[in-house]
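Please open the model in the viewer and display side chains as sticks. The tour below proceeds from one charged pair to the next.

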Amino acid sequence: MGDRDVIPQDVGNDSPTQIKYVDGKAASLSLIKSRLVVVDGPDRGKEMVVDRASVKIGTFKGCEFQLSDKTVSRTHCEIKTVEDGFILRDDGSTNGTMMDGYKVREIYLKPGTIFHVGKTALRFQPLSERIEIPLSKENRFGNVLGVSVKMREVFGVLEKIAPTDLTVLIEGETGTGKEVVARAIHQYSTRKNKAFIVVDCGAIPRNLIESELFGHEKGSFTGASEQRKGAFELASNGTIFLDELGELPIDLQPKLLRALENREIRRIGSPSPIHIDLRVIAATNRNLMEMVTNNTFREDLFFRLAVAKIRIPALRERKEDVPSLVETFLTNLSADAAADIEGTPRAFTVTERGVQALMAYHWPGNVRELRNVIERAVFLSETGIVDVSDIMLDPRQAQGSQGGSASYDLDMPFKDAKTKIVESFERAYLRNLLTRNKGNISRSAREAEIERKYLKDLMKKHGLRTPQSEDEPDTSDSSSGV
């Protein structure tokens with residue numbers, strides 16, 4: 001795949017969001033300011049100049065615009081600045097967000113609009129003044145890649161906070177690369193030569209989490225046959241990364257809060273505190289503010305962790321990054337292939353049609369899904385040139401291109417249409433099956449619960465081959481690729 005210069009489009013002089021260019025490259029993001037005023041209710045007269053892309057409204061002190069009205073939910077609604085206007089979105093409030101006597105879930109705001117939350121009326125008014133948000137000059141931060149304005153905005157923040165010891169909360173959907181961001185922060189910090197310890201709060205059994213975090217003494221509980229250091233001790237002078245923090249049980253959260261505030265921990269079964277010196281980075285794919293509202297996450301712990309808060313945008317929000325990500329994945333795979341087969345380097349590429357199919361996809365699994373799709377496509381490709389037919393995507397998430405998936409022609413005779421769909425299913429099923437089993441025919445046949453000969457017949461029917469020689473025995477230890 002050739003080099004691409006992906007430059008975001010300017011959205012116009014009247015747009016709330018503008019991109020400013022220097023020498024043909026986006027240099028800053030310009031947002032129009034707005035004013036939010038309480039015109040009726042307990043907080044009448046309170047106002048705020050909004051100088052950020054989004055503002056939460058509610059009684060929770062984590063909201064940018066906090067109200068005292070008891071009929072207002074803790075996180076009631078949000079105003080977001082987007083390219084073509086301002087959006088008011090209800091956050092699942094108890095009493096609803098009202099406009100002109102009607103409940104609204106999401107609606108564009110016009111200048112001077114008055115809307116109601118509980119017993120409070122607010123007026124929204126855009127201003128003529130703008131706020132400039134500088135973008136990073138780089139297209140990557142550590143191993144985090146992105147040419148898009150959204151990612152370069154994130155890089156600009158990361159460049160500022162990484163060298164500090166600030167506690168960081170990384171938010172984003174599953175697969176957006178939160179751990180990669182955390183490692184990059186550590187890489188650019190003063191603790192880069194010290195330990196980086198990962199704790200997946202969602203993968204540890206509930207009864208073992210405290211021991212994993214803080215350690216235990218020998219004999220402190222059944223099965224504690226020896227003393228064990230926890231993650232906080234192991235990360236001494238370095239960085240601890242608490243992944244999937246939203247899965248942390250509510251009864252353990254006070255102990256984590258004390259550890260963060262006092263920089264002391266106690267192993268289970270020990271009366272003596274241990275001083276800790278480390279940096280804390282946490283990540284979650286859940287809405288912690290909503291969890292605070294629902295009393296499933298402690299408010300004080302939320303504020304202790306969200307000293308610096310970063311949101312990693314979903315891949316569907318930054319599709320201009322797809323080509324450069326694909327190129328990087330293909331380059332890495334080419335290097336791996338050269339390392340595996342000494343003296344026979346192989347360059348993997350993707351066709352323009354393949355790129356278009358990838359750009360049209362919704363990517364519910366984000367960057368992780370893209371990487372998996374590319375790895376599978378390279379495995380399926382016989383020439384090293386990835387085309388649409390090699391790219392297996394969920395047709396329900398495609399926009400315009402089906403990425404080689406089945407299409408339904410309702411004008412065909414029933415028998416022909418059914419045959420076409422069945423054949424498409426067989427190809428997709430076999431490719432996925434052989435990919436999982438790295439081309440091992442015997443293992444694939446066992447997993448599919450079909451005869452080995454029948455599997456080989458199906459492969460022949462659909463033109464699927466493995467590098468295995470027909471003269472060699474197909475043992476269960478084989479792991480060749482398709």
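Select Arg-298 and Asp-300 in this predicted model. The two side chains form a salt bridge, and their closest N and O atoms lie 2.7 Å apart. Switch on a surface and consider each partner in turn. Arg-298 has a relative accessible area of 29%, so this residue counts as partly exposed. Asp-300 is likewise partly exposed because its relative accessible area is 33%, a value that falls between the limits of 20% and 50%.

Next, select Arg-318 and Asp-321. Here too a salt bridge is present, with 2.7 Å between the closest N and O atoms. Are these partners buried or exposed? Asp-321 has a relative accessible area of 0% and is therefore buried. Arg-318, at 3%, is also buried, since the term applies under 20%.

Salt bridges may also be linked through common partners. To see this, select Lys-56, Glu-78 and Asp-91, which are joined into one network by salt bridges that share partners.

Within that network, centre the view on Asp-91 and Lys-56. These residues form a salt bridge whose closest N and O atoms are 2.7 Å apart. Which parts of the chain does the pair link? Asp-91 sits in the loop between strand 7 (85-90) and strand 8 (97-99), whereas Lys-56 belongs to strand 4 (residues 54-58). The pair thus connects distant parts of the chain, 35 residues apart. Asp-91 and Lys-56 are both buried.

Finally, zoom out to the whole model and display every such pair: the count comes to 23 salt bridges.

Conventions
Residues are numbered from 1 along each chain as its sequence is written. This is a predicted model: local features need pLDDT of at least 70, side-chain atom pairs count only at pLDDT 80 or more; totals for chains, interfaces and linings use all residues. Side-chain values use heavy atoms; hydrogens and water are left out. A salt bridge is a side-chain nitrogen of Lys or Arg within 4 Å of a carboxyl oxygen of Asp or Glu. Helices (H or I, at least four residues) and strands (E, at least two) are DSSP runs, numbered from the N terminus. Buried means under 20% relative accessible area, exposed over 50%, partly exposed in between (1.4 Å probe, protein chains only).
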